[in-house]
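Subject: Structure handover

Hello,

Here is the structure I said I would pass on. Please open it beside this email and follow along; the notes come after it.

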2 protein chains.
Amino acid sequence: MIAEGERQKYARERLAAFAARCRAAGLPVTPQRLSIIEALLASSAHPRAEEIYGQVRLIHPHISAATVHRTLETLCRIGEARKVTVLHDSARYDANLTPHQHVVCVECRRIRDIEIAEIDRVLERKVALSGFRPLGWTFELQALCEDCQRRCESGPARRKAALRARAEPTHRKN
Amino acid sequence: MIAEGERQKYARERLAAFAARCRAAGLPVTPQRLSIIEALLASSAHPRAEEIYGQVRLIHPHISAATVHRTLETLCRIGEARKVTVLHDSARYDANLTPHQHVVCVECRRIRDIEIAEIDRVLERKVALSGFRPLGWTFELQALCEDCQRRCESGPARRKAALRARAEPTHRKN
DNA sequence: CTGACGGATGATAATTAGTATCATCCGATA
DNA sequence: TATCGGATGATACTAATTATCATCCGTCAG
Ligand SMILES: [Mn+2]
Ligand SMILES: [Mn+2]
Ligand SMILES: [Zn+2]
Ligand SMILES: [Zn+2]
């Protein structure tokens with residue numbers, strides 16, 4: 001879904017369904033939330049919290065930046081938005097320069113190397129970039145590590161840190 | 001390259017060649033740098049700067065955290081390491097929940113949607129995860145946008161922000 | 001319609017990763 | 001061994017995000 005007209009229709013539909021989805025998630029529908037999802041749906045720039053803040057302030061001049069941050073995270077939590085910058089906390093480094101990919105545990109942020117046999121060959125083929133000059137690419141699998149699987153089964157109460165920092169993968173299983 | 005024995009051999013070779021590669025890049029070989037690349041090569045955990053700092057402090061108790069941050073970025077710049085967390089600055093959000101991927105400009109951080117037709121089909125096939133339970137995945141193309149191509153051609157002096165924040169892709173063209 | 005409840009908000013402080021500054025140090029070279 | 005330029009350490013600073021808490025207000029039972 002990339003064409004502009006199609007995107008606008010998509011945005012209208014999502015906005016129409018938003019209040020219902022909030023209630024389904026047990027969340028009050030506030031004017032601030034509405035404005036924030038509206039601004040996010042209106043943008044195709046994958047905006048930062050700061051940019052959403054700027055937009056929403058035109059409607060709610062008294063809104064707090066903290067509310068924007070909180071609400072964006074909430075939207076991700078209830079599946080109304082996603083974070084493009086997966087795993088976004090502190091920088092992680094790797095001295096292994098051989099071509100490989102990573103699995104990362106969405107709970108504890110453990111990162112392990114993986115090799116997906118066919119991926120290189122497939123991705124070598126050119127993609128239509130409309131102006132961008134390709135330099136490289138990154139593939140990352142989001143997963144739950146063994147330890148965290150155990151921990152999640154036993155204690156279903158998720159820890160704060162995990163919830164706070166979890167980003168949404170581009171594609172989900174199921 | 002995932003097997004532990006193989007990794008250790010790789011690390012030894014990389015460490016042996018490190019001084020030469022520093023000199024080739026015009027950088028003095030300092031004990032701090034040696035300790036930092038050694039700690040990074042010794043780890044398979046994709047460590048944070050903080051963790052490297054902890055390790056290196058055992059050898060150089062007076063090393064500054066700033067040196068560790070600076071050196072890790074330097075190692076990335078000369079191609080002795082890479083940042084796993086690509087695009088790591090402020091969080092970027094997306095209300096578009098349809099399956100799609102992203103191209104991101106390594107200079108100005110513009111993000112655009114792309115669709116790579118074949119990728120879904122390829123990745124449906126299972127990968128060996130040794131304990132991780134897959135939840136989703138992310139594919140991202142690093143590139144240079146039209147504007148930045150022009151800008152880089154005219155003024156070859158790279159801006160500070162671009163150099164500072166640029167992360168290394170997992171796979172590089174050329 | 002109204003009042004009560006609980007989560008949301010706004011203001012603000014705190015945290016944290018990372019960067020800038022600058023005096024001093026020291027590796028490289030001749 | 002003397003020189004020089006980049007590296008280092010100490011420190012201040014920035015910027016993004018999160019925590020705290022008093023107040024507000026959307027929801028819903030009555
Ligand atoms: Mn790796
Ligand atoms: Mn997108
Ligand atoms: Zn885990
Ligand atoms: Zn650009």
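**The zinc site in chain A**

Cys108(A) is partly exposed, because its relative accessible area is 27%. A caution before going further: this is a predicted model, so every value here is computed from predicted atoms.

What does Cys108(A) do at the zinc ion (ligand 3)? Cys108(A) is one of the protein donors of that ion, along with Cys105(A), Cys145(A) and Cys148(A). Each of them donates through its SG atom, and they lie 2.2 to 2.3 Å from the zinc ion. The spacing of the donor residues in sequence is C-x2-C-x36-C-x2-C. Cys108(A) sits in the loop between strand 3 (101-105) and strand 4 (111-114) of chain A, whereas Cys148(A) is in helix 6 (residues 146-154) of chain A, so this pair ties together parts 40 residues apart in sequence.

Cys148(A) counts as buried because its relative accessibility is 1%, and the cut-off for buried is under 20%. Cys108(A), at 27%, is partly exposed.

The arrangement around the zinc ion (ligand 3) is tetrahedral because the 4 donor atoms subtend angles of 105 to 113°. For comparison, the ideal angle for four tetrahedral donors is 109.5 degrees.

**The manganese site**

Which residues hold the manganese ion (ligand 1)? The protein donors are Asp94(A) (OD), His100(A) (NE2), His102(A) (NE2), Asp113(A) (OD) and His46(B) (NE2). They lie 2.0 to 2.2 Å from the ion. Asp94(A) belongs to strand 2 (residues 93-94) of chain A and Asp113(A) to strand 4 of chain A, so the two tie together parts that are 19 residues apart in sequence. Both Asp94(A) and Asp113(A) are buried.

**How the two chains are related**

Chain A superposes on chain B, with an RMSD of 0.2 Å, after a rotation of 179° and a shift of 0.0 Å along the axis. This is the relation of a two-fold axis. The residue of chain A that comes closest to the rotation axis is Phe139(A), whose C-alpha is 2.3 Å from it.

Thr138(A) is in strand 5 (residues 133-144) of chain A. Thr138(A) is buried, because its relative accessible area is 8%. Its side chain makes a polar contact of 2.9 Å with the side chain of Gln142(B). Thr138(A) and Ala3(A) are 135 residues apart in sequence, and their C-alpha atoms are 25 Å apart in space.

**DNA strand C**

There are 22 residues around DNA strand C, and the closest are Thr30(A), Arg33(A), Thr67(A), Arg70(A) and Ala91(A). Which part of the strand do the protein atoms approach, sugar and phosphate or bases? Of the strand C atoms within 4 Å of the protein, 78% are sugar or phosphate, and the rest belong to bases.

Some individual contacts can be checked by eye:

- Gln32(A) has a polar side-chain atom 3.0 Å from a sugar or linking oxygen of DNA strand C.
- Thr67(A) has a side-chain N or O atom 2.9 Å from a phosphate oxygen of DNA strand C.
- Arg70(A) has a polar side-chain atom 2.9 Å from a base nitrogen of DNA strand C.

The elements giving two or more residues to this surface are helix 2 (31-42) and helix 4 (65-77) of chain A, with helix 4 (65-77) and helix 7 (160-165) of chain B. Helix 4 of chain A has the largest share, 4 residues. By class, the surface near DNA strand C has 8 nonpolar, 9 polar and 5 charged residues.

Pro31(A) is found in helix 2 of chain A and is partly exposed, with a relative accessible area of 48%.

**DNA strand D**

DNA strand D is surrounded by 21 residues, of which Thr30(B), Arg33(B), Thr67(B), Arg70(B) and Ala91(B) are the closest. Sugar and phosphate make up 75% of the strand D atoms within 4 Å of the protein. A side-chain N or O atom of Arg33(B) is 2.5 Å from a phosphate oxygen of DNA strand D. A polar backbone atom of Ser64(B) lies 3.1 Å from a phosphate oxygen of that strand. A polar side-chain atom of Arg70(B) is 2.9 Å from a base nitrogen of DNA strand D. Helix 4 of chain B gives the most to this surface, with 4 residues.

Regards

Definitions and conventions
Residues are numbered from 1 along each chain as its sequence is written. Chains are lettered from A and ligands numbered from 1 in the order in which they are written. This is a predicted model: local features need pLDDT of at least 70, side-chain atom pairs count only at pLDDT 80 or more; totals for chains, interfaces and linings use all residues. Side-chain values use heavy atoms; hydrogens and water are left out. A residue is near a molecule or strand if one of its heavy atoms lies within 4 Å of it. A polar contact is a pair of N or O atoms within 3.5 Å; within protein, one must be able to donate a hydrogen and the other to accept it, and residues adjacent in sequence count only if both atoms are side-chain atoms. Ala, Val, Leu, Ile, Met, Phe, Trp, Tyr, Cys and Pro count as nonpolar, Asp, Glu, Lys and Arg as charged, and the others, Gly among them, as polar. Donors are N, O and S atoms within 2.8 Å of the metal (3.2 Å for Na, K and Ca); water is not among the atoms, so sites may look incomplete. Four donors count as tetrahedral if all angles lie between 85 and 135 degrees; four count as square planar and six as octahedral if opposite donors are over 155 degrees apart and all others between 65 and 115; anything else is irregular. Buried means under 20% relative accessible area, exposed over 50%, partly exposed in between (1.4 Å probe, protein chains only). Copies are superposed by least squares on the C-alpha atoms of residues with pLDDT of at least 70 in both.
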